[in-house]
Amino acid sequence: YDIIKQLKYFANIAAIPTTLILGERIKIEDTGAEYLISFDSIAGVTNDNYTSIELEGGKYALSSDLINQTIDANIYKLVGDGATDNAAKFALMSKKIKEFAVLNKTTNVVFSKGNFATTQPIIFQAKYSQSGINVRGQSRNNSGAGGTTFSYTGVATDYFIKIEDQTKSRYENFNVVMGAAERGIFLDTFCFAIHIEDIDISANQLGGISAIECNINTSAQISEISIERCRIVGSQVSIGDNSFLKVGFRAGNGNNKDFYIAGCSFGQIDTAILINTSQSVSIKENTFFQNDDDIHCRNCVVSVISNESEGSGLFFNTGSGSYISQNTLIGNSSTGPGKDNLVVNGGGNLTMIGNYMNCDTSQIKWVIATNSNYIDGTVNSVIIQGNFFKSTNNTDVPLLLDGSNNNATGKAYNKSVKLFGNSGGTNDAGNIKLNNQASWKVQSDGSPYAKTGNVGIGLNLPTSNLHLKGYNDSYSDNNFQVENLSGGKI
């Protein structure tokens with residue numbers, strides 16, 4: 001008996017006597033849970049012999065967790081050895097969380113350190129838009145060891161952790177080992193304002209479809225989803241058919257929208273971020289490494305700011321048919337090596353400012369939709385200003401239009417495409433730094449695609465405001481023959 005706390009101690013639940021009186025407080029030593037003896041149970045909450053215990057004489061032992069709408073997972077005696085199957089206990093806990101939701105309040109679930117294995121999925125379900133769930137582990141660990149870890153050890157299944165019917169929830173500070181589950185964390189039906197933070201998700205077997213996925217096959221709202229400071233990794237095996245993880249974060253379709261991804265790390269994945277459609281997407285200050293595609297946003301209003309990529313293929317991709325999309329890339333860095341000689345690919349409206357494309361191949365392939373109803377005949381605009389494109393020499397300038405390596409003859413893009421203040425690699429013949437690259441590649445007959453010119457051997461040039469600058473900051477014409485269109489010296 002603790003005189004100060006006025007607690008009576010019992011070894012376990014079975015040792016609780018029938019003689020306790022109303023208002024007494026007890027503590028169970030093997031779980032550390034505290035209870036209040038009461039005549040009243042909570043409507044809609046069943047007695048599970050963990051959080052609510054029915055005693056003789058119409059009395060109940062109600063845990064302090066139940067009263068405070070907090071679940072300490074220790075009360076269910078979860079075994080954190082990484083081997084013991086905790087499926088039945090997780091099922092009891094999931095049922096209790098759903099019952100708490102009838103009170104229309106947020107339920108807090110706290111886990112201790114340990115590797116909690118289960119052969120069945122874990123479900124966190126609340127009550128539509130009226131309640132949320134906060135799930136917090138003790139810490140995550142990049143290796144999946146230490147801290148709080150959930151490990152799926154069952155047979156192949158659609159998902160491991162399912163989040164549904166809740167609003168303003170937060171999931172943080174734990175590791176997820178996917179095992180044979182196709183999806184690590186799966187957001188289903190109504191989910192609004194969900195924060196997923198400081199979680200490490202690893203795919204350790206073939207067959208992983210996505211680490212975090214918002215169900216794109218439901219018309220129910222899944223929106224305002226925030227992914228912050230998470231680490232998502234596939235494996236060291238080859239990207240493609242042999243990859244452990246196809247997508248890091250997958251979302252976007254209809255009412256499935258508005259995503260914010262910041263401070264995360266994505267590595268060794270086919271496509272790190274794949275979003276089909278969304279009104280608002282923010283991808284900021286993430287790191288990418290050894291992915292086939294880093295970012296694939298098909299029909300989105302997306303801002304991609306201050307991200308770093310190393311050893312990946314395409315840094316940014318919209319795919320085809322994304323002509324209504326708004327794509328803004330600012331202050332990003334990519335060291336490639338790139339993919340199919342490209343670092344950015346797609347269509348729609350594109351703004352690139354202050355990016356450092358330091359890949360072995362740093363070209364952009366972009367489609368501009370045409371429409372005769374527009375004054376200049378084009379639907380989209382491309383603005384590329386103040387960027388650096390490595391390995392871009394005098395015959396290999398950064399922009400390819402119309403989605404092919406050769407632009408269509410006769411289309412005037414000079415009104416819809418603006419490239420200025422960019423710099424590139426070196427001129428193979430004269431070791432010349434191109435401080436301001438001009439527009440795009442010449443056609444097969446050597447003529448330009450538009451009225452602006454290109455810097456390089458054998459290319460047509462404008463007749464004014466031309467500067468050629470060497471590495472020593474001195475101007476020289478020793479290595480150049482500059483001609484106007486008629487062949488005369490300028």
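Of the contacts in this chain with a separation of 6 or more, 61% are between residues 24 or more positions apart. Keep in mind as I talk that this is a predicted model. The chain has 490 residues, and 51% of them are buried. About 21000 Å² of the chain is exposed, with carbon and sulfur atoms supplying 47% of that. As for the elements, we have two helices and 35 strands.

Okay, let's zoom in on strand 31. Which strands does strand 31 pair with? One is strand 28, residues 349-353, and that pairing is parallel, with four bridges. In this pair, Leu 350 sits opposite Val 382 of strand 31. The other is strand 34, residues 417-420, again parallel and again joined to strand 31 by four bridges. Here Ile 383 is the residue facing Lys 418 in strand 34.

Now look at the faces of this strand. In a regular strand, side chains alternate between the two faces of the sheet. For strand 31, Val 382 and Ile 384 form the covered face, while Ile 383 and Gln 385 are on the uncovered one.

Just before that strand in the sequence there's a loop, running between strand 30 (363-367) and strand 31 (382-385), and Ile 368 is in it. Is Ile 368 buried or exposed? Buried, because its relative accessible area is 2%, and the cut-off for buried is under 20%. Also check out Ser 416: it's 48 residues from Ile 368 in sequence, yet the two C-alphas are 8.7 Å apart in space.

Compare that with another loop residue, Asn 47, which lies between strand 3 (34-38) and strand 4 (52-54). Asn 47 has a relative accessible area of 30%, so it counts as partly exposed. Tyr 60 is 13 residues away from Asn 47 along the sequence, with a C-alpha to C-alpha distance of 8.7 Å.

Next stop, Ser 309, which belongs to strand 23, residues 308-310. This serine counts as buried because its relative accessibility is 1%. What does the side chain of Ser 309 make a polar contact with? The side chain of Asp 294, at 2.5 Å. If you skip residues up to four places away in sequence, Ser 309 touches Phe 288, Asp 294, Phe 315, Ser 333, Ser 334 and Thr 335. So Asp 294 turns up there too, as one of the residues Ser 309 touches.

Now for a couple of backbone oddities. Asp 165 isn't a glycine, but it has a positive phi of about 55°. You'll find Asp 165 in strand 12, residues 157-177, and it's buried, at 16% relative accessible area. Then there's Ala 193, also a residue other than glycine, with a positive phi near 55°. Ala 193 is in strand 13, residues 181-202. With a relative accessible area of 13%, Ala 193 is buried.

Last thing: a helix. Helix 2 covers residues 87-100, so count along with me in the structure: that's 14 residues. From first C-alpha to last, helix 2 reaches 20 Å, close to the 20 Å you'd expect at 1.5 Å a residue. Which residues of helix 2 are buried? They're Ala 87, Phe 90, Met 93, Ser 94, Lys 96, Ile 97, Glu 99 and Phe 100. Notice that Lys 96 and Glu 99 are on that buried list, along with Phe 90 and Phe 100.

Conventions: Residues are numbered from 1 along each chain as its sequence is written. This is a predicted model: local features need pLDDT of at least 70, side-chain atom pairs count only at pLDDT 80 or more; totals for chains, interfaces and linings use all residues. Side-chain values use heavy atoms; hydrogens and water are left out. The expected span of a helix is 1.5 Å times one less than its number of residues. Buried means under 20% relative accessible area, exposed over 50%, partly exposed in between (1.4 Å probe, protein chains only). Two strands pair if DSSP finds at least two bridges between them. A polar contact is a pair of N or O atoms within 3.5 Å; within protein, one must be able to donate a hydrogen and the other to accept it, and residues adjacent in sequence count only if both atoms are side-chain atoms. Contact means heavy atoms within 4.5 Å. Accessible areas come from the Shrake-Rupley method with a 1.4 Å probe; for residues, only the protein chains shown count as cover.
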